[in-house]
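The following exercises are to be worked through with the sequence and the structure in view. Each task is followed by a solution in steps.

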Amino acid sequence: MKPNFKVSKLQVTNFRNLESDIITFSPKINCILGENGNGKTNILEALYYISYRKSFRKNTSFPQIISIDCEEPQIIFSSLYEYENEQLSYSGKLDFNGSSWFANGKATKKKPEVDYVFINPFDAFSFNNIASFRRKWFDDHLSIIDKKYKKVLNQYNSSLRFRNTLLSKKPHDFIGQIKVLDKQMSTYSFQLIEMRKKFVDQLSPYISQIYKDIFSQANELVINIDSRFLNFSEENIYDYMQSRLDKDCAIGHTSYQVHKDDYVLLFNGMNSYEFCSLGQQKMSYLSLLFAYIELFRYIYISTPILLIDDVSGELDKVRWSKLISYLESQTFQVLITTANEKFKEELEQIEGANKIYVSDGSIH
Ligand SMILES: Nc1ncnc2c1ncn2[C@@H]1O[C@H](COP(=O)(O)OP(=O)(O)OP(=O)(O)O)[C@@H](O)[C@H]1O
Ligand SMILES: [Mg+2]
C-alpha cells in the first residue's frame, strides 16, 4: 500500500518560463488555464520532474529546462504533498554538476512516493500510430505496478543486446553461446508474456466499462495482445528461436522475439488503429489510461495524480462534458489544462474546482 499523497503546493525557481510564485492545488480538480505559450504545461512538467527526475518532453537536460532569463544557473524545486495527517515536503536543486534532493529537510536519494499519469494529445496520436510507442507504454505502466516485470524486462533486454552483438560480430563459437543465451531468453520471454496477459486481463473489464460510462454505451472496447508466442511453452519458444537461427545469422540480428509484440484495441471488434476516427481513438486511449488508474487503485489502494494536458482537440462538446463529469465523480486528484476558450468556460463552471490562471509564467 502506498500513501495516497496529493500535491498541495509547488514553487519553482529558474524552471523554464515560470516565476517563483507558490502554486496551491486542491485535492480534487485543478484547472490550469491560460493562452498558448504561457506556462501551463511547464507546471505539469515541474511536478513530473520532481517525482521521476526526468521530463515527459523530449531533450530535457539541464540547459533546456533552466530559465533562459536566470541570474544564477540553478533550478530549485519545492513541493508539498498531503495525505490524511501525513505531510511530505520534497525539494531539489539542479545545476550543471547534477542534482540533490531533500525529503522533509533531509538529503535523500529516494524519489518521492508520488505517482503521476500524464496524458497529452500527442501521446493519444502516437499510441494509435506507432507500435514502438504502444510497447513502451505497456512496458512502462506494467513496470510501475509489477516490479518483477521491470526486473525480467531488464534481463531480457540485456540478453537481447548480447544476442544481437553475437549475431552481428560472429565471434568464435558464437552459435554455442547463442544456444545457451536462448535458453535464458525463452524463460524470460515466457515470464514476460504471462505478466502481460495478466495485465491485459486485469485492464479489460475496466476499459470496456469506462468507455461505455464516459463516452458511449453503444460501443465495445476490448484490448488484446498480438504475439506469436501467446500459447507457447518455454520449450516452444526455444524451438522457435532455433528454427529462426539461420535467418538471424544471415541478417545479423534477432528477427522476432517478444520485444516485437504489440497490443491491439478492438473497437466493436475492429482494430481501432485502422478503423476509428481521431475522436474515437482519443477516447479509447483515455479509457485505457483511466482503466490503468483503476487497476493501480486496486493494487495499491491509492491513486496516481492525473495530469491532463489539453486533450480537448477532436472531442466534441458532449464528450468533453462527459469527461469532466467523470473526473468530478472520481476521488483522484486531477490537474487539467486548456487554452481552448470553449472548453475553458466549461472547466470554469466546475463547482468547487481550483482555477489556476497562468500568464507569462506568473500565477493568478
Ligand atoms: N528554458 C526556458 N526558459 C524560459 N522559457 C522557456 C524555456 N523553455 C520553454 N520556455 C517557454 O515556456 C513557454 C511554454 O510554456 P508551456 O509549454 O508551458 O506553454 P502552455 O501554456 O502549455 O502553452 P500551450 O497552450 O501552447 O500548450 C514558451 O513561451 C517557451 O518559450
Ligand atoms: Mg501546453
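**Exercise 1: Strand pairing**

Determine in which sense strand 1 and strand 4 pair, and over how many bridges.

Solution. In this predicted model, locate strand 1 at residues 6-13 and strand 4 at residues 75-83. The two strands run antiparallel and are paired over seven bridges. As a point of orientation, Val12 stands opposite Phe77 in strand 4.

Next, follow strand 4 to strand 5, which covers residues 86-95. These two strands are also antiparallel, joined by nine bridges. Here Glu82 is found opposite Gln87 in strand 5. Finally, examine the connection: strand 4 and strand 5 make up a hairpin with two residues between them. In its turn, Glu84 has a positive phi of about 45°.

**Exercise 2: The shell around ligand 1**

State which residues come nearest to ligand 1, and which helix gives the largest share of its shell.

Solution. Begin with the 17 residues around ligand 1; of these, Asn17, Asn36, Lys40, Thr41 and Ala339 come nearest. Then assign residues to helices: helix 1 (40-52) and helix 2 (62-65) each contribute at least two. The largest share, three residues, belongs to helix 1. Sorted by class, the shell contains ten polar, four nonpolar and three charged residues.

**Exercise 3: The two domains**

Describe how the domains are placed and how many residues of each are in contact.

Solution. First, identify domain 1 (6-115 + 304-363) and domain 2 (131-275). Their centres, taken over C-alpha atoms, are 33 Å apart. Five residues of domain 1 contact four residues of domain 2. On the domain 1 side of this contact, three residues are charged, two are nonpolar and none is polar.

Terms used: Residues are numbered from 1 along each chain as its sequence is written. Chains are lettered from A and ligands numbered from 1 in the order in which they are written. This is a predicted model: local features need pLDDT of at least 70, side-chain atom pairs count only at pLDDT 80 or more; totals for chains, interfaces and linings use all residues. Domain bounds come from an automatic or database domain assignment. Two residues are in contact if their C-beta atoms, placed from the backbone, lie within 7 Å. Ala, Val, Leu, Ile, Met, Phe, Trp, Tyr, Cys and Pro count as nonpolar, Asp, Glu, Lys and Arg as charged, and the others, Gly among them, as polar. A residue is near a molecule or strand if its C-beta atom, placed from the backbone, lies within 6 Å of it. Helices (H or I, at least four residues) and strands (E, at least two) are DSSP runs, numbered from the N terminus. Two strands pair if DSSP finds at least two bridges between them.
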